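Visitor: I have a chain on the screen and would like to go through it with you, one question at a time. Could you show it to me before we begin?

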Amino acid sequence: TDLRDVAHAATAAHHHKPPQQPRRATAWTPDKAARNCQVCRRPFHTILRRRHHCRRCGNCVCAACSPKECYRPLPPVARPCRHCVACVPPPSERRRQTAPPPR
């Protein structure tokens, strides 16, 4: 029975998949290549509307399209990182998407 236990444990370990980690952007959109927010399409300005990068998709987005409600940890970084509303909808949008239709 000891050999069966060892074989079963080895088989279970072989078929066990580690939890899927959020996909990190492979490349960020260069600042110079993004004249507009890649979510809302509003133009960037040097002072009024600054560029930020979503840590998941790598797009250049404005602050309105990457609010603090969308910040999430992205391993291996433990602290919350900037995400855009396309990758991580804010809580108000998630509630709206899951709410039953009005009668």
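Visitor: Which residues make up the largest nonpolar core?

Guide: This is a predicted model, so what follows is computed from its atoms. In soluble globular proteins, nonpolar side chains tend to be buried together. In this chain the largest nonpolar core has nine residues in all, and they are A34, C37, F44, C54, C60, V61, C62, C65 and C84.

Visitor: Taking C84 from that core, with which residues is it in contact, if neighbours within four places in sequence are left aside?

Guide: C84 belongs to the largest nonpolar core, as do C54, V61 and C65, and these three appear again in its list of contacts. With the neighbours within four places in sequence left aside, the full list for C84 is V39, C54, C57, V61, C65 and S66.

Visitor: With these cysteines in mind, how many disulfides does a search of the whole structure find?

Guide: A disulfide needs a pair of cysteine sulfur atoms within 2.5 Å. For C54, which is buried with a relative accessible area of 0%, the nearest cysteine sulfur is that of C57, 3.6 Å away. For C81, buried at 8% relative accessibility, the nearest cysteine sulfur is that of C54, at 9.9 Å. The search of the whole structure gives a number of disulfides that is zero.

Visitor: How is the chain built up, from the N terminus on, in terms of its elements?

Guide: The chain has two helices and four strands. Of its 103 residues, 22% count as buried, and residues 24 or more positions apart account for 39% of the contacts with a separation of 6 or more. From the N terminus on, the order of the elements is α-β-β-β-β-α.

Visitor: R82 is buried yet has no salt bridge; how far away is the nearest side chain of opposite charge?

Guide: R82 is found in the loop between β4 (77-81) and α2 (91-98), and its contacts, apart from neighbours within four places in sequence, are H52, H53, C54, R55, A63, S66 and Y71. A salt bridge would need a side-chain nitrogen of Lys or Arg within 4 Å of a carboxyl oxygen of Asp or Glu. For R82, the nearest side chain of opposite charge is that of E69, and the distance is 10 Å.

Visitor: With the side chain of which residue does the side chain of R82 make a polar contact?

Guide: Among the residues in contact with R82 are Y71, A63 and S66. The polar contact has a length of 2.8 Å, and the partner side chain is that of S66.

Visitor: Is H83 buried or exposed?

Guide: H83 is found in the loop between β4 and α2, and a polar atom of its side chain lies 2.9 Å from the backbone oxygen of C81. Leaving aside neighbours within four places in sequence, H83 is in contact with C54, R56, C65, S66, C70, Y71, R72, L74 and V88. Because its relative accessible area is 0%, H83 counts as buried.

Visitor: How far apart in space, C-alpha to C-alpha, are C70 and V88?

Guide: C70 has its place in the loop between β2 (60-61) and β3 (72-74), and it is buried, with a relative accessible area of 0%. Not counting residues up to four places away in sequence, C70 touches C81, H83, V85, V88, P89 and P90. Although C70 and V88 are 18 residues apart in sequence, the C-alpha to C-alpha distance is 5.6 Å.

Visitor: Which residue has a side chain joined to that of T29 by a polar contact?

Guide: T29 lies in the loop between α1 (2-15) and β1 (52-53), and because its relative accessibility is 16%, it counts as buried. Apart from neighbours within four places in sequence, T29 is in contact with A34, Q38, H53, G58, N59 and C60. The polar contact of 3.2 Å joins the side chain of T29 to that of Q38.

Visitor: Where is the phi value positive in a residue other than glycine?

Guide: The residue lies in the loop between α1 and β1 and counts as exposed because its relative accessibility is 55%. Its phi is near 70°, and the residue is R41.

Visitor: Which residue is joined to P76 by a cis peptide bond?

Guide: P76 is found in the loop between β3 and β4. Omega of the cis peptide bond is about 10°, and the residue joined to P76 is P75.

Note on methods. Residues numbered from 1 in each chain as written. Predicted model: local features only at pLDDT ≥ 70, side-chain atom pairs only at ≥ 80, totals over all residues. Heavy atoms only, no water. Core = buried A, V, L, I, M, F, W, Y, C linked by side-chain atoms within 4.5 Å. Buried < 20%, exposed > 50% of the residue type's maximum accessible area, 1.4 Å probe, protein only. Contact = heavy atoms within 4.5 Å. Lys, Arg positive; Asp, Glu negative; His and termini not counted. Polar contact = N/O pair within 3.5 Å; in protein donor to acceptor, adjacent residues only side chain to side chain.
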